[in-house]
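Biologist: I should like to go through part of this model with you, one question at a time. Please set out the reasoning before each result.

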Amino acid sequence: MRILVVEDEHKIANALKKGLMQESFAVDVSYDADDGLAMATTEEYDLVILDRMLPGAQDGLAIVSAMREEKIHTPVLMLTAKDRVIDKVTGLNAGADDYLVKPFAFEELMARVRALLRRPQDSKGQELAHEDLTLNTLTFEVKRAAQPIALSNKEYGLLEYLMRNPERILTKDNIIAHVWDYDANILPNTVEVYIGYLRSKIDKPFKTKELIHTVRGFGYKFGAR
Ligand code: CA
């Protein structure tokens, strides 16, 4: 899953990027409002973490308002140093989904990020499950037929994206947009290579249903078919 961080304080922005990458997210950082607005409205993100106070003509409120006007419904977690009730209300009214007051503990930020990424169909809360394959977004444990499977950071990120979008044709461009960050070095066959790694770990060793399918000419589909 890919996250955009818009935060002018480099120290906080870089700490967020590092922490989120350790949690297997692809992360882009923007240090100013104009750039942040452009990225939020032209790139595909699964979540935006937006500082409220940004230098320049626009602030975080303007960015979230502009996103909502353009019918971009990506969840937005707003950060701010202000903790007055009125600021929370204006942030939420402008279209933010949640609000976190600085300074905050990274654990709390992660809990809010996970809550915002959780969708109603993910009935088991932090665990995604399809057939006998499970992925725990809190502990990063992946199991098939109750057997633990060790995945690299990127394999895990790819599997999480596939499991959150089951029974849907996902193009390579969709996959790149949600699993790799903007600066990532993507080769033409990068997605195929990682799909291959995942298949060799979650499908091939098991005699049960294959979960990763190639849709020739289009891309891939995850699910029991
Ligand atoms: Ca700021």
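**Sheet and helix packing**

Modeller: In this predicted model, three strands form an open antiparallel sheet, ordered E10-E12-E11.

Biologist: Which are the edge strands of this sheet?

Modeller: The sheet is open, with the order E10-E12-E11. An edge strand here pairs on one side only, and this applies to strand E10 (169-170) and strand E11 (212-215).

Biologist: In E12, which residue is the bridge partner of Thr-214?

Modeller: E11 pairs with strand E12 (residues 219-222) through four bridges, in the antiparallel sense. For Thr-214, the bridge partner in E12 is Tyr-220.

Biologist: At about what angle does H6 run to E12?

Modeller: H6 covers residues 153-164. This helix lies across E10, E11 and E12, and its angle to E12 is about 70 degrees.

Biologist: Is H6 parallel or oblique to H7?

Modeller: The axes of H6 and helix H7 (residues 172-179) come within 10 Å and cross at roughly 120 degrees. Angles of 65 to 115 degrees count as roughly perpendicular and those over 145 as roughly antiparallel. The crossing angle therefore makes H6 relative to H7 oblique.

Biologist: How many charged residues does the contact of H6 with H7 have?

Modeller: On the H6 side, the residues are Lys-154, Gly-157, Leu-158 and Tyr-161, and they meet Asn-174, Ile-175, His-178 and Val-179 in H7. By class, this contact of H6 with H7 has four nonpolar residues, three polar and, as for charged residues, one.

Key:
Residues are numbered from 1 along each chain as its sequence is written. This is a predicted model: local features need pLDDT of at least 70, side-chain atom pairs count only at pLDDT 80 or more; totals for chains, interfaces and linings use all residues. Side-chain values use heavy atoms; hydrogens and water are left out. Axes are lines fitted to C-alpha atoms, for helices over the stretch in contact, and angles run from 0 to 180 degrees between N-to-C directions. Helices (H or I, at least four residues) and strands (E, at least two) are DSSP runs, numbered from the N terminus. Angles under 35 degrees count as roughly parallel, over 145 as roughly antiparallel, 65 to 115 as roughly perpendicular and the rest as oblique. Contact means heavy atoms within 4.5 Å. Ala, Val, Leu, Ile, Met, Phe, Trp, Tyr, Cys and Pro count as nonpolar, Asp, Glu, Lys and Arg as charged, and the others, Gly among them, as polar. Two strands pair if DSSP finds at least two bridges between them.
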